[in-house]
Amino acid sequence: MKNKILIKNASELVTCSGFKAKHGSEMSDLHVINDGAVIVEDGVIKAVGTTEEILNKYKEAEYSVIDAGGKAVLPGFVDSHTHLVFGGYRAEEFSWRLRGDKYMDIMKRGGGIASSVKSTREASKQELMEAGLKRLNSMLSFGVTTVEGKSGYGLDFETEIKQLEVAKELNDAHPVDVVRTFMGAHAVPQEYKGREDEYIDFIIESVLPNVADKKLAEFCDVFCEDNVFSIEQSRKLLSKAKEIGLALKIHADEIVQLGGAELAVELGAVSADHLLQASDEGIKAMAESSVVATLLPCTAFSLKESYARGREMIDSGCAVGLATDFNPGSCFTESIPLVFALACIQMNLSIEEAITALTINGAAAVNRAEEIGSIDIGKKADIIILEFPSYKFIPYHVGVSTVEKVIKNGELVFD
Ligand code: NIG
Ligand code: FE
(Lines give C-alpha, C1' and ligand atoms only; values in the text may rest on other atoms or scores of the structure.)
(Ligands and ions follow the chains in the order given, each with its own letter.)
Protein backbone atom coordinates (compact mmCIF):
# COMPACT_ATOMS: atom_id res chain seq x y z
CA MET A 1 0.00 0.00 0.00
CA LYS A 2 1.18 3.52 -0.83
CA ASN A 3 2.05 5.74 2.12
CA LYS A 4 -0.67 8.09 0.91
CA ILE A 5 -4.18 6.93 1.74
CA LEU A 6 -7.60 8.33 1.05
CA ILE A 7 -10.52 6.98 3.08
CA LYS A 8 -13.77 8.11 1.48
CA ASN A 9 -17.52 7.64 1.63
CA ALA A 10 -17.75 7.20 5.42
CA SER A 11 -21.49 7.42 6.15
CA GLU A 12 -20.46 8.82 9.53
CA LEU A 13 -16.94 10.04 10.11
CA VAL A 14 -16.87 10.09 13.89
CA THR A 15 -13.85 12.27 14.55
CA CYS A 16 -14.11 12.58 18.36
CA SER A 17 -12.16 15.76 17.65
CA GLY A 18 -10.11 17.12 20.53
CA PHE A 19 -6.62 17.22 22.00
CA LYS A 20 -7.38 16.77 25.68
CA ALA A 21 -9.73 14.80 27.92
CA LYS A 22 -13.41 15.71 27.66
CA HIS A 23 -15.28 16.38 30.87
CA GLY A 24 -18.97 16.02 31.68
CA SER A 25 -21.33 17.15 28.93
CA GLU A 26 -18.43 17.59 26.45
CA MET A 27 -18.31 13.81 26.32
CA SER A 28 -21.54 13.72 24.28
CA ASP A 29 -20.16 15.63 21.32
CA LEU A 30 -18.57 13.24 18.84
CA HIS A 31 -18.10 15.74 15.98
CA VAL A 32 -19.61 13.57 13.26
CA ILE A 33 -19.11 14.43 9.58
CA ASN A 34 -21.70 12.83 7.30
CA ASP A 35 -20.24 11.32 4.12
CA GLY A 36 -16.74 12.00 5.42
CA ALA A 37 -13.26 11.43 4.08
CA VAL A 38 -9.72 11.44 5.48
CA ILE A 39 -6.34 11.98 3.84
CA VAL A 40 -3.39 10.17 5.43
CA GLU A 41 0.24 10.72 4.53
CA ASP A 42 3.19 8.89 6.10
CA GLY A 43 0.98 7.52 8.83
CA VAL A 44 -0.34 10.93 9.87
CA ILE A 45 -3.77 12.50 9.29
CA LYS A 46 -3.39 15.29 6.78
CA ALA A 47 -6.96 16.38 6.02
CA VAL A 48 -10.48 15.68 7.25
CA GLY A 49 -13.76 16.73 5.66
CA THR A 50 -16.72 15.64 3.59
CA THR A 51 -15.91 13.33 0.68
CA GLU A 52 -16.84 16.14 -1.69
CA GLU A 53 -14.53 18.66 -0.02
CA ILE A 54 -11.62 16.21 0.07
CA LEU A 55 -12.03 15.06 -3.54
CA ASN A 56 -12.17 18.69 -4.70
CA LYS A 57 -8.85 19.38 -3.03
CA TYR A 58 -6.84 16.16 -3.43
CA LYS A 59 -6.21 14.02 -6.54
CA GLU A 60 -7.69 10.58 -5.91
CA ALA A 61 -5.25 8.92 -8.34
CA GLU A 62 -2.31 9.81 -6.09
CA TYR A 63 -3.70 7.82 -3.17
CA SER A 64 -4.39 4.24 -2.17
CA VAL A 65 -8.14 4.46 -1.80
CA ILE A 66 -10.09 2.75 0.95
CA ASP A 67 -13.76 3.09 0.13
CA ALA A 68 -15.66 2.94 3.40
CA GLY A 69 -18.71 2.27 1.27
CA GLY A 70 -21.31 3.88 3.49
CA LYS A 71 -19.94 2.53 6.76
CA ALA A 72 -18.99 4.36 9.93
CA VAL A 73 -15.37 5.39 10.54
CA LEU A 74 -13.96 6.17 14.00
CA PRO A 75 -10.61 6.64 15.76
CA GLY A 76 -9.01 3.39 16.98
CA PHE A 77 -9.92 2.50 20.57
CA VAL A 78 -7.45 3.10 23.39
CA ASP A 79 -7.58 0.41 26.07
CA SER A 80 -5.91 2.39 28.83
CA HIS A 81 -5.88 -0.25 31.60
CA THR A 82 -4.72 -3.84 31.12
CA HIS A 83 -2.42 -6.34 32.74
CA LEU A 84 -1.24 -7.61 29.37
CA VAL A 85 1.84 -9.67 30.25
CA PHE A 86 1.42 -12.64 32.58
CA GLY A 87 2.08 -16.37 32.77
CA GLY A 88 -0.54 -19.02 33.59
CA TYR A 89 -4.29 -18.75 34.03
CA ARG A 90 -6.75 -18.92 36.94
CA ALA A 91 -9.82 -20.68 35.55
CA GLU A 92 -10.10 -22.76 38.73
CA GLU A 93 -10.29 -19.62 40.84
CA PHE A 94 -13.02 -18.26 38.56
CA SER A 95 -15.08 -21.39 39.27
CA TRP A 96 -14.59 -20.85 43.04
CA ARG A 97 -15.90 -17.32 42.66
CA LEU A 98 -19.00 -18.62 40.89
CA ARG A 99 -19.50 -20.83 43.93
CA GLY A 100 -19.46 -17.75 46.17
CA ASP A 101 -15.82 -17.25 47.19
CA LYS A 102 -14.79 -13.60 47.35
CA TYR A 103 -11.92 -12.21 45.26
CA MET A 104 -10.11 -10.74 48.29
CA ASP A 105 -10.62 -13.93 50.35
CA ILE A 106 -8.95 -16.00 47.64
CA MET A 107 -6.11 -13.48 47.62
CA LYS A 108 -5.78 -13.62 51.42
CA ARG A 109 -5.34 -17.39 51.37
CA GLY A 110 -2.48 -17.14 48.89
CA GLY A 111 -4.34 -17.48 45.59
CA GLY A 112 -5.32 -14.66 43.28
CA ILE A 113 -2.50 -12.39 42.19
CA ALA A 114 0.04 -14.60 44.06
CA SER A 115 -0.86 -17.50 41.82
CA SER A 116 -0.17 -15.44 38.68
CA VAL A 117 3.07 -14.24 40.27
CA LYS A 118 4.28 -17.84 40.57
CA SER A 119 3.43 -18.62 36.93
CA THR A 120 4.92 -15.37 35.66
CA ARG A 121 8.18 -15.89 37.56
CA GLU A 122 8.42 -19.36 35.99
CA ALA A 123 7.58 -18.25 32.44
CA SER A 124 10.33 -17.59 29.89
CA LYS A 125 10.39 -14.33 27.98
CA GLN A 126 9.53 -16.24 24.84
CA GLU A 127 6.44 -17.79 26.43
CA LEU A 128 5.31 -14.38 27.62
CA MET A 129 5.93 -12.94 24.14
CA GLU A 130 3.94 -15.65 22.39
CA ALA A 131 0.98 -15.21 24.71
CA GLY A 132 1.27 -11.42 24.46
CA LEU A 133 1.21 -11.43 20.66
CA LYS A 134 -1.96 -13.55 20.61
CA ARG A 135 -3.61 -11.17 23.06
CA LEU A 136 -2.64 -8.15 20.98
CA ASN A 137 -4.11 -9.81 17.87
CA SER A 138 -7.35 -10.30 19.71
CA MET A 139 -7.37 -6.68 20.95
CA LEU A 140 -6.65 -5.43 17.43
CA SER A 141 -9.64 -7.38 16.11
CA PHE A 142 -11.81 -5.34 18.51
CA GLY A 143 -10.42 -2.09 17.08
CA VAL A 144 -7.83 -1.36 19.77
CA THR A 145 -4.85 0.52 18.36
CA THR A 146 -3.15 1.50 21.65
CA VAL A 147 -3.10 -0.51 24.85
CA GLU A 148 -1.61 0.16 28.25
CA GLY A 149 0.05 -2.83 29.93
CA LYS A 150 1.20 -3.15 33.53
CA SER A 151 3.85 -5.21 35.26
CA GLY A 152 2.94 -6.48 38.73
CA TYR A 153 3.05 -10.26 38.39
CA GLY A 154 6.73 -10.40 39.30
CA LEU A 155 6.94 -8.58 42.62
CA ASP A 156 10.69 -9.15 42.52
CA PHE A 157 13.36 -7.24 40.66
CA GLU A 158 14.01 -9.76 37.93
CA THR A 159 10.44 -10.58 36.99
CA GLU A 160 9.12 -7.01 37.11
CA ILE A 161 11.89 -6.02 34.69
CA LYS A 162 11.20 -9.12 32.58
CA GLN A 163 7.53 -8.20 32.23
CA LEU A 164 8.33 -4.63 31.20
CA GLU A 165 10.97 -5.78 28.72
CA VAL A 166 8.45 -8.18 27.17
CA ALA A 167 5.91 -5.34 26.91
CA LYS A 168 8.56 -3.26 25.14
CA GLU A 169 9.33 -6.09 22.71
CA LEU A 170 5.61 -6.58 22.10
CA ASN A 171 5.33 -2.92 21.21
CA ASP A 172 8.15 -3.32 18.67
CA ALA A 173 6.83 -6.58 17.23
CA HIS A 174 3.12 -5.77 16.86
CA PRO A 175 1.18 -2.93 15.21
CA VAL A 176 -0.75 -2.13 18.40
CA ASP A 177 1.17 0.42 20.52
CA VAL A 178 1.87 -0.78 24.06
CA VAL A 179 2.23 1.88 26.79
CA ARG A 180 4.13 0.50 29.79
CA THR A 181 3.22 0.92 33.45
CA PHE A 182 5.33 -0.29 36.36
CA MET A 183 3.11 -1.86 39.01
CA GLY A 184 5.56 -3.50 41.40
CA ALA A 185 3.05 -2.57 44.13
CA HIS A 186 0.30 -4.82 42.80
CA ALA A 187 0.37 -7.12 45.85
CA VAL A 188 2.63 -7.96 48.77
CA PRO A 189 4.81 -10.93 47.74
CA GLN A 190 4.96 -13.97 50.02
CA GLU A 191 8.55 -13.11 51.01
CA TYR A 192 7.39 -9.78 52.48
CA LYS A 193 4.15 -10.88 54.20
CA GLY A 194 3.58 -8.64 57.22
CA ARG A 195 6.41 -6.34 56.10
CA GLU A 196 4.49 -4.18 53.62
CA ASP A 197 6.45 -1.02 54.45
CA GLU A 198 9.72 -2.81 53.77
CA TYR A 199 8.39 -4.02 50.45
CA ILE A 200 7.45 -0.46 49.44
CA ASP A 201 10.98 0.65 50.44
CA PHE A 202 12.45 -2.19 48.38
CA ILE A 203 10.51 -1.05 45.32
CA ILE A 204 11.45 2.58 45.86
CA GLU A 205 15.13 1.87 46.42
CA SER A 206 15.83 -1.08 44.17
CA VAL A 207 13.34 -1.41 41.35
CA LEU A 208 11.90 2.03 40.56
CA PRO A 209 15.25 3.72 39.80
CA ASN A 210 16.14 0.92 37.38
CA VAL A 211 12.77 1.14 35.65
CA ALA A 212 13.18 4.90 35.27
CA ASP A 213 16.85 4.79 34.16
CA LYS A 214 16.16 2.22 31.47
CA LYS A 215 12.92 3.99 30.47
CA LEU A 216 11.07 0.74 30.90
CA ALA A 217 7.83 2.42 31.94
CA GLU A 218 6.10 5.78 31.59
CA PHE A 219 3.66 5.23 34.44
CA CYS A 220 3.73 3.92 37.99
CA ASP A 221 0.58 2.32 39.41
CA VAL A 222 -0.35 0.87 42.82
CA PHE A 223 -3.14 -1.35 44.16
CA CYS A 224 -4.37 1.01 46.90
CA GLU A 225 -6.77 -1.24 48.78
CA ASP A 226 -7.61 -2.59 52.20
CA ASN A 227 -5.19 -5.44 53.00
CA VAL A 228 -2.96 -4.54 50.06
CA PHE A 229 -1.34 -1.05 50.11
CA SER A 230 -2.64 1.75 52.33
CA ILE A 231 -3.14 5.37 51.35
CA GLU A 232 0.13 6.26 53.14
CA GLN A 233 2.12 3.51 51.42
CA SER A 234 0.62 4.42 48.06
CA ARG A 235 1.37 8.11 48.59
CA LYS A 236 4.97 7.33 49.51
CA LEU A 237 5.58 5.18 46.43
CA LEU A 238 3.77 7.40 43.96
CA SER A 239 5.42 10.59 45.24
CA LYS A 240 8.81 9.00 44.68
CA ALA A 241 7.79 7.77 41.23
CA LYS A 242 6.64 11.27 40.32
CA GLU A 243 9.89 12.75 41.60
CA ILE A 244 11.90 10.60 39.22
CA GLY A 245 9.73 11.42 36.23
CA LEU A 246 7.03 8.77 36.01
CA ALA A 247 3.39 9.69 35.49
CA LEU A 248 0.89 8.20 37.93
CA LYS A 249 -2.07 5.86 37.93
CA ILE A 250 -3.90 4.36 40.92
CA HIS A 251 -6.10 1.29 41.36
CA ALA A 252 -8.43 3.31 43.54
CA ASP A 253 -11.48 2.54 45.69
CA GLU A 254 -12.14 -0.79 44.01
CA ILE A 255 -13.39 -2.99 46.85
CA VAL A 256 -13.32 -0.61 49.81
CA GLN A 257 -13.63 3.19 50.00
CA LEU A 258 -10.13 4.23 51.06
CA GLY A 259 -9.85 7.68 49.46
CA GLY A 260 -7.90 6.57 46.39
CA ALA A 261 -9.75 9.05 44.15
CA GLU A 262 -8.80 11.89 46.49
CA LEU A 263 -5.18 10.68 46.53
CA ALA A 264 -5.11 10.65 42.72
CA VAL A 265 -6.19 14.30 42.69
CA GLU A 266 -3.73 15.25 45.45
CA LEU A 267 -0.80 13.74 43.55
CA GLY A 268 -1.84 14.91 40.09
CA ALA A 269 -2.27 11.37 38.78
CA VAL A 270 -3.14 10.98 35.13
CA SER A 271 -5.90 8.52 36.00
CA ALA A 272 -7.70 6.89 38.91
CA ASP A 273 -9.03 3.48 37.94
CA HIS A 274 -11.87 1.17 39.09
CA LEU A 275 -13.59 3.64 41.51
CA LEU A 276 -16.48 1.29 42.33
CA GLN A 277 -16.55 2.72 45.85
CA ALA A 278 -15.36 6.27 45.14
CA SER A 279 -16.79 8.77 47.63
CA ASP A 280 -18.89 11.84 46.75
CA GLU A 281 -15.90 14.01 47.72
CA GLY A 282 -13.62 11.92 45.52
CA ILE A 283 -15.94 12.34 42.55
CA LYS A 284 -16.17 16.09 43.13
CA ALA A 285 -12.40 16.38 43.44
CA MET A 286 -11.85 14.40 40.22
CA ALA A 287 -14.37 16.58 38.37
CA GLU A 288 -12.38 19.67 39.27
CA SER A 289 -9.07 18.12 38.27
CA SER A 290 -7.44 16.65 35.17
CA VAL A 291 -7.58 13.09 36.54
CA VAL A 292 -9.30 10.71 34.10
CA ALA A 293 -11.78 8.55 36.04
CA THR A 294 -11.18 5.24 34.29
CA LEU A 295 -14.01 2.76 34.76
CA LEU A 296 -13.64 -0.96 34.19
CA PRO A 297 -17.17 -2.38 34.04
CA CYS A 298 -16.06 -5.85 32.89
CA THR A 299 -14.29 -6.27 36.25
CA ALA A 300 -17.38 -5.34 38.24
CA PHE A 301 -19.32 -7.76 36.05
CA SER A 302 -16.83 -10.62 36.46
CA LEU A 303 -16.57 -10.08 40.22
CA LYS A 304 -20.34 -9.65 40.60
CA GLU A 305 -19.73 -6.27 42.25
CA SER A 306 -21.90 -3.22 41.71
CA TYR A 307 -20.76 -0.86 38.96
CA ALA A 308 -18.92 2.41 39.47
CA ARG A 309 -21.17 5.49 39.44
CA GLY A 310 -20.27 6.42 35.87
CA ARG A 311 -23.46 8.35 35.17
CA GLU A 312 -23.03 10.46 38.29
CA MET A 313 -19.36 11.04 37.53
CA ILE A 314 -20.13 12.43 34.08
CA ASP A 315 -23.04 14.49 35.42
CA SER A 316 -20.66 15.89 38.04
CA GLY A 317 -18.19 16.95 35.35
CA CYS A 318 -15.58 14.17 35.48
CA ALA A 319 -13.58 13.08 32.44
CA VAL A 320 -14.55 9.41 32.33
CA GLY A 321 -12.52 6.77 30.51
CA LEU A 322 -13.40 3.13 29.92
CA ALA A 323 -11.03 0.17 29.63
CA THR A 324 -11.07 -3.62 29.83
CA ASP A 325 -8.72 -4.30 32.79
CA PHE A 326 -7.72 -7.46 30.87
CA ASN A 327 -5.97 -9.69 33.45
CA PRO A 328 -5.87 -13.37 34.44
CA GLY A 329 -7.89 -12.94 37.64
CA SER A 330 -10.60 -10.39 38.19
CA CYS A 331 -11.36 -9.84 34.52
CA PHE A 332 -10.09 -12.18 31.82
CA THR A 333 -11.45 -10.39 28.77
CA GLU A 334 -10.07 -8.15 26.06
CA SER A 335 -13.60 -7.56 24.76
CA ILE A 336 -14.32 -3.95 23.83
CA PRO A 337 -17.89 -4.95 22.85
CA LEU A 338 -18.48 -6.14 26.40
CA VAL A 339 -17.14 -2.86 27.81
CA PHE A 340 -19.61 -0.97 25.57
CA ALA A 341 -22.52 -3.20 26.50
CA LEU A 342 -21.95 -2.83 30.24
CA ALA A 343 -21.17 0.90 30.10
CA CYS A 344 -24.33 1.69 28.13
CA ILE A 345 -26.76 -0.88 29.51
CA GLN A 346 -25.63 -1.16 33.13
CA MET A 347 -23.93 2.16 33.86
CA ASN A 348 -26.30 4.33 31.82
CA LEU A 349 -23.68 6.03 29.69
CA SER A 350 -24.91 7.20 26.31
CA ILE A 351 -23.34 5.63 23.22
CA GLU A 352 -21.59 8.93 22.53
CA GLU A 353 -20.14 9.12 26.04
CA ALA A 354 -18.90 5.54 25.85
CA ILE A 355 -17.15 6.23 22.54
CA THR A 356 -15.48 9.34 23.96
CA ALA A 357 -14.40 7.29 26.98
CA LEU A 358 -12.69 4.72 24.75
CA THR A 359 -11.08 7.17 22.33
CA ILE A 360 -9.97 10.67 23.31
CA ASN A 361 -10.41 10.11 27.07
CA GLY A 362 -8.60 6.76 26.81
CA ALA A 363 -5.80 8.60 25.02
CA ALA A 364 -5.72 11.20 27.80
CA ALA A 365 -5.49 8.38 30.36
CA VAL A 366 -2.18 7.33 28.76
CA ASN A 367 -0.94 10.91 28.31
CA ARG A 368 -1.40 10.80 24.53
CA ALA A 369 -4.39 13.03 23.86
CA GLU A 370 -2.29 15.16 21.54
CA GLU A 371 -1.23 12.22 19.36
CA ILE A 372 -4.12 9.74 19.23
CA GLY A 373 -7.76 9.28 20.27
CA SER A 374 -9.37 11.38 17.54
CA ILE A 375 -9.36 11.89 13.79
CA ASP A 376 -7.69 15.29 13.78
CA ILE A 377 -5.05 16.75 11.49
CA GLY A 378 -1.55 15.93 12.75
CA LYS A 379 -2.55 12.88 14.77
CA LYS A 380 -1.50 9.30 14.06
CA ALA A 381 -3.77 7.66 11.51
CA ASP A 382 -5.22 5.06 13.90
CA ILE A 383 -8.63 4.52 12.35
CA ILE A 384 -11.31 1.83 12.36
CA ILE A 385 -14.06 1.09 9.86
CA LEU A 386 -17.17 -0.63 11.13
CA GLU A 387 -19.27 -3.10 9.17
CA PHE A 388 -22.33 -0.92 9.80
CA PRO A 389 -23.37 2.59 8.72
CA SER A 390 -23.62 4.11 12.19
CA TYR A 391 -21.58 4.23 15.40
CA LYS A 392 -24.86 3.43 17.15
CA PHE A 393 -24.41 -0.20 16.10
CA ILE A 394 -21.46 -0.59 18.47
CA PRO A 395 -23.41 -1.34 21.69
CA TYR A 396 -26.57 -2.26 19.80
CA HIS A 397 -24.86 -5.38 18.41
CA VAL A 398 -24.52 -6.58 21.98
CA GLY A 399 -21.26 -8.28 22.80
CA VAL A 400 -20.20 -8.73 19.18
CA SER A 401 -17.42 -6.83 17.46
CA THR A 402 -18.62 -4.45 14.74
CA VAL A 403 -15.09 -3.63 13.56
CA GLU A 404 -14.37 -4.59 9.96
CA LYS A 405 -11.04 -2.90 9.23
CA VAL A 406 -8.28 -1.38 11.33
CA ILE A 407 -5.74 1.13 10.04
CA LYS A 408 -2.76 1.66 12.32
CA ASN A 409 -0.22 4.42 11.61
CA GLY A 410 -1.74 4.66 8.15
CA GLU A 411 -1.46 0.95 7.33
CA LEU A 412 -4.29 -1.49 6.94
CA VAL A 413 -3.46 -4.08 9.62
CA PHE A 414 -6.80 -5.85 10.14
CA ASP A 415 -9.30 -6.65 7.40
O1 NIG B 1 -7.25 -4.39 38.25
N2 NIG B 1 -7.24 -5.08 41.44
C3 NIG B 1 -6.10 -5.42 41.24
N4 NIG B 1 -5.55 -5.79 40.09
C5 NIG B 1 -6.24 -6.34 38.99
C6 NIG B 1 -6.53 -7.77 39.18
C7 NIG B 1 -5.32 -8.57 39.06
C8 NIG B 1 -5.55 -10.04 39.24
O9 NIG B 1 -6.52 -10.50 39.85
O10 NIG B 1 -4.67 -10.74 38.74
C11 NIG B 1 -7.45 -5.51 38.68
O12 NIG B 1 -8.60 -5.94 38.83
FE1 FE C 1 -6.17 -3.51 36.95
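In this predicted model, about 40 Å³ of space lies in the second largest cavity. Its walls are made by F77, F142, I336, P337, I394, V400, S401, T402 and V403. Sorted by class, that lining comes out as seven nonpolar residues and two polar ones, with no charged residue in the mix. As for where this hole sits, domain 1 (4-75 + 374-414) and domain 2 (78-365) both give residues to its lining, so the second largest cavity lies between the two domains.

A search of the whole structure turns up two cavities of 30 Å³ or more, so to speak of the other one next is natural enough. The largest cavity holds about 90 Å³ of space. Its lining takes in 14 residues, and H83, Y103, H186, N327 and S330 are the ones that lie nearest the centre. Here the split by class is four nonpolar, seven polar and three charged residues.

Then there are the open spaces. The largest pocket has a volume of about 370 Å³. It is lined by 20 residues, with M107, A114, A187, V188 and K193 the closest to its centre. Two elements, α3 (103-108) and α4 (113-122), each give two or more residues to this lining. Of the elements, α4 gives the most, putting in five residues. Taken by class, the lining of the largest pocket counts ten nonpolar, four polar and six charged residues.

What about the strands? Seven of them form an open sheet with mixed pairing, and going across it the order reads β3-β2-β1-β4-β13-β14-β15. The two edges are taken by β3 (44-50) and β15 (411-414); each has a single partner strand, so one side of each is left without a neighbour in the sheet. Neighbouring strands in this sheet are turned against each other by 35 degrees on average, direction ignored.

At the β15 edge, the pairing can be followed down to single residues. Strand β14 (residues 403-408) runs antiparallel to β15, and three bridges join the two. Within this pair, V406 is found opposite F414 of β15. Strand β14 also links back to the start of this account: V403, which belongs to the 403-408 stretch, is one of the residues that line the second largest cavity.

Terms used:
Residues numbered from 1 in each chain as written. Chains lettered and ligands numbered in written order. Predicted model: local features only at pLDDT ≥ 70, side-chain atom pairs only at ≥ 80, totals over all residues. Heavy atoms only, no water. Pairing = 2+ DSSP bridges. Helix = DSSP H or I, 4+ residues; strand = E, 2+ residues; numbered from the N terminus. Axes fitted to C-alpha atoms, helices over the stretch in contact; angles between N-to-C directions. 1 Å grid on protein atoms, 1.4 Å probe; cavity = no way out; pocket = protein on both sides within 12 Å on 5 of 7 lines; lining within 4 Å. Points joined across faces, edges and corners; volume = space filled by probe spheres on them. Nonpolar A, V, L, I, M, F, W, Y, C, P; charged D, E, K, R; others polar. Domains from an automatic or database assignment.
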